[in-house]
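Let's walk through this fold together, one spot at a time. Have the sequence and the model open side by side.

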Amino acid sequence: MKENDCFLMSSMGNGRPPDPADWAVMDVVNYFRTAGFEEQARAFQEQEIDGKSLLLMTRNDVLTGLQLKLGPALKIYEYHVKPLQTKHLKNNSS
């Protein structure tokens with residue numbers, strides 16, 4: 001499975017609302033667990049990051065605010081947070 005394939009999993013039947021803005025904290029946690037970031041998913045839970053918060057996160061928030069190792073933090077932002085934000089903006093800008 002390629003890194004970008006994890007992003008595609010977010011739109012499959014997984015119990016999460018299709019719009020990340022509607023995700024609860026545990027939806028965000030489970031998204032990252034499913035994407036292979038089990039250890040890092042705990043940081044989203046500890047910081048109470050729900051879908052709305054996730055969509056507001058900057059690159060700096062992910063790289064420093066969650067106190068994650070740099071490698072996983074970069075992947076989380078580039079392959080997950082940023083694409084989710086872009087998809088959300090496209091779906092809500094009509």
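E48 sits in the loop that joins α3 to α4 (51–56), with helices and strands taken as DSSP runs numbered from the N terminus (H or I, at least four residues, for helices; E, at least two, for strands). This is a predicted model, where local features need pLDDT of at least 70 and side-chain atom pairs count only at pLDDT 80 or more, while totals for chains, interfaces and linings use all residues. Residues are numbered from 1 along each chain as its sequence is written, and side-chain values use heavy atoms, with hydrogens and water left out.

Back to the loop. E48 isn't a glycine, yet its phi is positive, at about 55°. Most residues other than glycine have a negative phi. E48 is also exposed, at 61% relative accessibility; here buried means under 20% relative accessible area, exposed means over 50%, and partly exposed is in between (1.4 Å probe, protein chains only). Q67 also has a positive phi without being a glycine, near 55°. Look for Q67 in the loop between α5 (59–65) and α6, where it is exposed with a relative accessible area of 73%. A glycine does something of this sort too: G36, just after α2, has a positive phi of about 95°.

Now follow α2 inward. Its buried residues are D27, V28, V29, Y31 and F32, and the two aromatics are worth a stop. Rings of Phe, Tyr and Trp (its six-membered ring) pair if their centres lie within 6.5 Å, with planes under 30 degrees apart called stacked, over 60 edge-to-face and the rest tilted. That gives 3 aromatic pairs. In one of them, W23 and Y31 are tilted, at 5.3 Å centre to centre with 40° between the planes, and both residues are buried. F32 and F44 are another pair: their centres are 4.4 Å apart and their planes at 15°, so they count as stacked. Since F32 belongs to helix α2 (residues 25–34) and F44 to helix α3 (residues 38–46), this pair ties together parts that are 12 residues apart in sequence. F32 is buried at 0% relative accessibility, and F44 is buried with a relative accessible area of 0%.

Put these together and W23, Y31, F32 and F44 make one aromatic cluster. There's a charge in the picture as well: R16 lies over the face of W23, 5.2 Å from the ring centre (the rule asks for NZ of Lys or CZ of Arg within 6 Å of the ring centre and within 35 degrees of the ring normal).

What about salt bridges, meaning a side-chain nitrogen of Lys or Arg within 4 Å of a carboxyl oxygen of Asp or Glu? The count is 2. R33 pairs with E38, the closest N and O atoms being 3.3 Å apart; R33 is partly exposed at 28%, as is E38 at 42%. E78 and K82 meet at 3.0 Å, N to O. Both lie in helix α6, 4 residues apart, about one turn of the helix. An α-helix has 3.6 residues a turn, so residues three or four places apart point the same way.

Stay on α6 (residues 70–91) for Q85. Q85 is buried, with a relative accessible area of 14%. Leaving aside neighbours within four places in sequence, Q85 is in contact (heavy atoms within 4.5 Å) with L54, L55, L56, M57 and Y77. A polar atom of the Q85 side chain lies 3.0 Å from the backbone oxygen of L55.

Methods. A polar contact is a pair of N or O atoms within 3.5 Å; within protein, one must be able to donate a hydrogen and the other to accept it, and residues adjacent in sequence count only if both atoms are side-chain atoms.
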